[in-house]
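Please look over the model below before reading my comments. I have kept them short and ordered them by topic.

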Amino acid sequence: MGEQGESAFKILFTEEQIKNKIIELGMQITRDYKGENLTVIGILKGAFIFAADLIRQINIPVAVDFIAVSSYGSATKSSGEVKIIKDLDISVKGRHLLLVEDIVDTGLTLKYLLENLKSREPASIKTCVLLDKPQARKVEVPIDYRGFTVDNVFVVGYGLDYDQKYRNLPYIAYLE
Ligand code: IMP
């Protein structure tokens, strides 16, 4: 067994698969935003690794900012209550925003942030999500760029945590 207890993990997406998917997403985003003033907004903490890898596959000038939210609940279940604990540093009025999220589960976090950011009058707002868990959805949210779809299991790695652990795994796995 490895130092992090990896033998209990079942790998869903390898480092290589994630890398190839991000190259694809980056190409699409580059095409779609050519000539525009794009601002990528990473949702902390889960999306920090995804956002860092994604922006390096986007081949146009891009501004980057982060917003941190906390959702109340247990380690594996979100209660749906969302609070901004670190707001954006920059004004997004008149800018094209791409909201980057690690995983959409119930959809409540993304819905809350979309509504909040829309009120700041950006030129447009789209979403880019690494993992989509459609079976867990409670509210519909638009996903404009999607990495992978996953079953209703709890996943860790590549930025995603269980009780603040496992964000540093280079792959995405679920706990058996
Ligand atoms: P939602 O508001 O229910 O869509 O959940 C969004 C947030 O819950 C994500 O940004 C993650 O931080 C967390 N989350 C949901 N499902 C998982 C999972 O399977 N593993 C780790 N975190 C998760």
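The points below cover the model's strands, one helix and its salt bridges.

1. Status of the model. This is a predicted model. Please read every value below as computed from that prediction.

2. Strand 5 and its neighbours. Strand 5 (96–104) has strand 2 (residues 38–44) as a parallel partner, with 5 bridges between them. In that pairing, Thr39 stands opposite Leu97 of strand 5. Strand 5 also runs parallel to strand 6, joined by 8 bridges. There, Val104 faces Asp132 of strand 6. How many of the residues of strand 5 are buried? The count is 9 of 9, so the strand is mostly covered, where buried means under 20% relative accessible area.

3. The crossover. Strand 5, helix 3 and strand 6 form a β-α-β unit, and its hand is right. Helix 3 spans 108–118 and strand 6 spans 124–132.

4. The link from Asp105 to Lys133. These two side chains form a salt bridge, with N to O at 3.2 Å. Asp105 sits in the loop between strand 5 and helix 3, while Lys133 sits in the loop between strand 6 and strand 7 (145–149), so the pair ties together parts that are 28 residues apart in sequence. Are the two partners buried or exposed? Asp105 is partly exposed, at 24% relative accessible area. Lys133 is buried, at 6%.

5. The Asp132 network. Arg137 and Asp132 meet in a salt bridge, 2.5 Å from N to O. Arg137 is buried, with a relative accessible area of 17%. Asp132 is buried too, at 4%. Which residues do shared salt-bridge partners join here? The network consists of Asp132, Arg137 and Arg146. Note that Asp132 also stands opposite Val104 in the pairing of strand 5 with strand 6.

6. A salt bridge with an exposed partner. Asp53 and Arg56 form a salt bridge, their closest N and O atoms lying 2.8 Å apart. Arg56 is exposed, at 61% relative accessibility. Asp53 is partly exposed, at 26%. For the whole model, the count comes to 10 salt bridges.

7. The three-stranded sheet. A separate heading is useful for the open sheet of 3 strands, ordered 1-9-8 with antiparallel pairing. Why do strand 1 (9–13) and strand 8 (155–156) each have one side without a neighbour in the sheet? Both stand at the edges, each with a single partner strand, so one side of each is left free of a neighbour there. Strand 1 pairs with strand 9 (residues 172–175) over 4 bridges, in the antiparallel sense. Within this pairing, Phe9 has Leu175 of strand 9 as its bridge partner.

8. Helix 1. The helix runs over residues 15–32 and has 18 residues. From first C-alpha to last it reaches 26 Å, close to the 26 Å expected at 1.5 Å a residue. Which of its residues are buried? They are Ile18, Lys21, Ile22, Leu25, Gly26, Ile29 and Thr30. An α-helix has 3.6 residues a turn, so residues three or four places apart point the same way. Please check the buried list against that pattern. Note also that Lys21 is on the list of buried residues.

Note on methods
Residues numbered from 1 in each chain as written. Predicted model: local features only at pLDDT ≥ 70, side-chain atom pairs only at ≥ 80, totals over all residues. Heavy atoms only, no water. Salt bridge = Lys/Arg side-chain N within 4 Å of Asp/Glu carboxyl O. Buried < 20%, exposed > 50% of the residue type's maximum accessible area, 1.4 Å probe, protein only. Helix = DSSP H or I, 4+ residues; strand = E, 2+ residues; numbered from the N terminus. Pairing = 2+ DSSP bridges. Right-handed = clockwise from strand over helix to strand, strands pointing away. Expected span 1.5 Å × (residues − 1).
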